[in-house]
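Here is my note on the model you sent round. Please read it with the structure open beside you.

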Amino acid sequence: MGNHVGQLVCDSIHVAVKADHPLECIQRIFDWSVDYSCPPHVGEEIVATLKEEYLSNVSIHAARWFEAAVERGNLEVMDWLVSLSPDLVPSGPNVYRFANHLASGLKKCGGNAARMKVLRWVDEKHENYLKEAIFGELQTGAQREAGPELQAIIESGDVEALQFLEGRATALFGKRLPDSFAHCFKSHRFCSSAFEHNQWDMIRYLRVRPDPCPWSAFPYFHAGYGTEIGVRLRAYEVDLVKSITENSLAQPPPVPSDLRSHFRSAILEALETHEDYVGGNSDWDLTHMWPFLSPHRWLYVLNLPMVEWLVAIAKEEREGITVESVCRVFQEASPTLQFRLTIMLSSLFSRSNDLRLLSRLRKYGAAVELRRGEVERESFAAFCSVIESQGVDVVTSLQRTVRYCYHLPKPDGREMDRETMMRHW
């Protein structure tokens, strides 16, 4: 088949699947393409050979069609595509090869119901794939990063789908999903992914349970994880972060009176963890992975009012904690001041890329959003004032940072070479 015609057929089938056309319509396009691949006036044996060769190349395009079918939750088309190309749902050594296509479709599914249809289809008709690709480490005992299918479910916020997989893990292997993905559930990856995609129901499901997923790269308030107090404290944490993330000018929800001492202890624990971290390792900046009950985490997103609020609560037990001390640790946690300023400036001037910006504008209006920008600039200015009071030449550091970020020439007009830029960095 000519390249142009082949591409037309491939795109036509893809569009037909995406548009959720009946299987009969899709098959007619495909059958025509098979017939067209055979030149006229040749013997039956040659026709059979050519068709067999054509069908063997279907897998090149079938993965793309299959992904679209998963997105639509069209099980009939998925069955037909697997009958054409069985390798679409592989097993054995190739089991991970197709995972990204299934995961991509799951992430784009037009609703939780479609996603559940696909997962049940995998479970009922391709159980080996479920065992090997999604729950493979349960059989081998190895720990690995969560497969892309599970990550897609986390990012889409589909709690029902995650619960389904948890149930299947228990039924198939007698082990819970958190145990099977111990490496992932003991890291902050799941909660961080859900947070990046604004999936608050998923965050609540992962956090507000006796065996929670961490929400930071550093452990904190672990002692009460399985207790009622621990569960309630994490529920409040989710409410707090959701409220301030959606509107950074909002007042934090009141801390329940019987949780206040535990909340204060969690803040202090987070602060102590960071002080130890700064003392032991300053080669990498992990501030964006620090817990949300840490003032440093809120300074990272330029929210000084939250820093002041958390510091005020911490000071109820420890007088020595101040906004200034938080700024000092925040600076020392970075490999260089240049690095810290670069991160903060990027945050300050990348508001147009914020995925939540349009929804906030619709919900709160331009005046509130403009005031939010003022708060961020005031927070940055406060940080600069603190480190300047320690004898740091902030102006020169900022000039170097801006030159580095925007590849501007040095004051003498010469281009800054990479070696010089990295030294300033």
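**Notes on helix packing, ring pairs and selected residues**

1. Start with α14 and α15: their crossing is left-handed. Helix α14 covers residues 189-196. The angle between α14 and α15 is about 160°, and their axes lie 8 Å apart. Angles over 145 degrees count as roughly antiparallel, so α14 and α15 are roughly antiparallel to each other. Keep in mind that this is a predicted model.

2. Which residues make that contact? From α14 come F190, C191, A194 and F195. They meet W200, M202, I203, L206 and R207 in α15. By class, the α14 contact with α15 has eight nonpolar residues, one charged and no polar.

3. α15 is itself mostly covered, with six of its eight residues buried. The buried residues of α15 are W200, M202, I203, Y205, L206 and R207. Note that R207 is buried and also takes part in the contact with α14.

4. Now the overall picture. The protein has 25 helices and zero strands. Of its 425 residues, 48% are buried. Take the contacts in the protein with a separation of 6 or more: 66% of them join residues 24 or more positions apart.

5. A second helix pair is α5 (residues 75-84) with α7 (residues 112-125). The two pack at an angle of about 40°, with axes 11 Å apart. α5 and α7 are therefore oblique to each other. Their crossing is right-handed, whereas that of α14 and α15 is left-handed.

6. What does each helix bring to the contact of α5 with α7? α5 supplies L75, M78, D79 and V82. α7 supplies K117, V118, W121 and K125. The residues of this contact divide into five nonpolar, three charged and no polar.

7. Next, the rings. How many aromatic pairs does a search of the whole structure find? There are 10. One of them is W215 with F292, a tilted pair. Their centres are 4.7 Å apart, with 55° between the planes. W215 sits in the loop between α15 (200-207) and α16 (228-246). F292 sits in the loop between α17 (260-280) and α18 (295-300). The pair links distant parts of the chain, 77 residues apart. Both W215 and F292 are buried.

8. F263 and W309 form another pair. Their ring centres are 5.7 Å apart and their planes stand at 50°, so the pair is tilted. F263 belongs to helix α17 and W309 to helix α19 (residues 304-314), so the pair ties together parts 46 residues apart in sequence. Are these two residues buried or partly exposed? F263 has 0% relative accessibility and counts as buried. W309 is partly exposed, at a relative accessible area of 21%.

9. Ring pairs also build a cluster. Its members are F195, W200, W215, F292 and W298. F195 and W200 appear in the α14 contact with α15 as well. W215 and F292 form the tilted pair of point 7.

10. P252 deserves a look. Where is P252? It lies in the loop between α16 and α17. At 17% relative accessibility, P252 counts as buried. Leaving out residues up to four places away in sequence, P252 touches L240, I244, M306 and W309. W309 is the ring partner of F263. The C-alpha atoms of P252 and D239 are separated by 9.0 Å, and these residues are 13 apart along the chain.

11. Two serines are worth checking next. S248 is found in the loop between α16 and α17. S248 is buried, with a relative accessible area of 17%. Beyond residues up to four places away in sequence, S248 touches N303 and R372.

12. S379 lies in helix α23 (residues 366-388). S379 is buried too, with a relative accessible area of 1%. Again not counting residues up to four places away in sequence, S379 touches L302, N303, L304 and P305. N303 is therefore a point to inspect from both sides: S248 touches N303, and S379 touches N303.

Note on methods:
Residues are numbered from 1 along each chain as its sequence is written. This is a predicted model: local features need pLDDT of at least 70, side-chain atom pairs count only at pLDDT 80 or more; totals for chains, interfaces and linings use all residues. Side-chain values use heavy atoms; hydrogens and water are left out. Axes are lines fitted to C-alpha atoms, for helices over the stretch in contact, and angles run from 0 to 180 degrees between N-to-C directions. Helices (H or I, at least four residues) and strands (E, at least two) are DSSP runs, numbered from the N terminus. Angles under 35 degrees count as roughly parallel, over 145 as roughly antiparallel, 65 to 115 as roughly perpendicular and the rest as oblique. A crossing is left-handed if the near helix is turned anticlockwise from the far one by less than a right angle, and right-handed if clockwise. Contact means heavy atoms within 4.5 Å. Ala, Val, Leu, Ile, Met, Phe, Trp, Tyr, Cys and Pro count as nonpolar, Asp, Glu, Lys and Arg as charged, and the others, Gly among them, as polar. Rings of Phe, Tyr and Trp (its six-membered ring) pair if their centres lie within 6.5 Å; planes under 30 degrees apart count as stacked, over 60 as edge-to-face and the rest as tilted. Buried means under 20% relative accessible area, exposed over 50%, partly exposed in between (1.4 Å probe, protein chains only).
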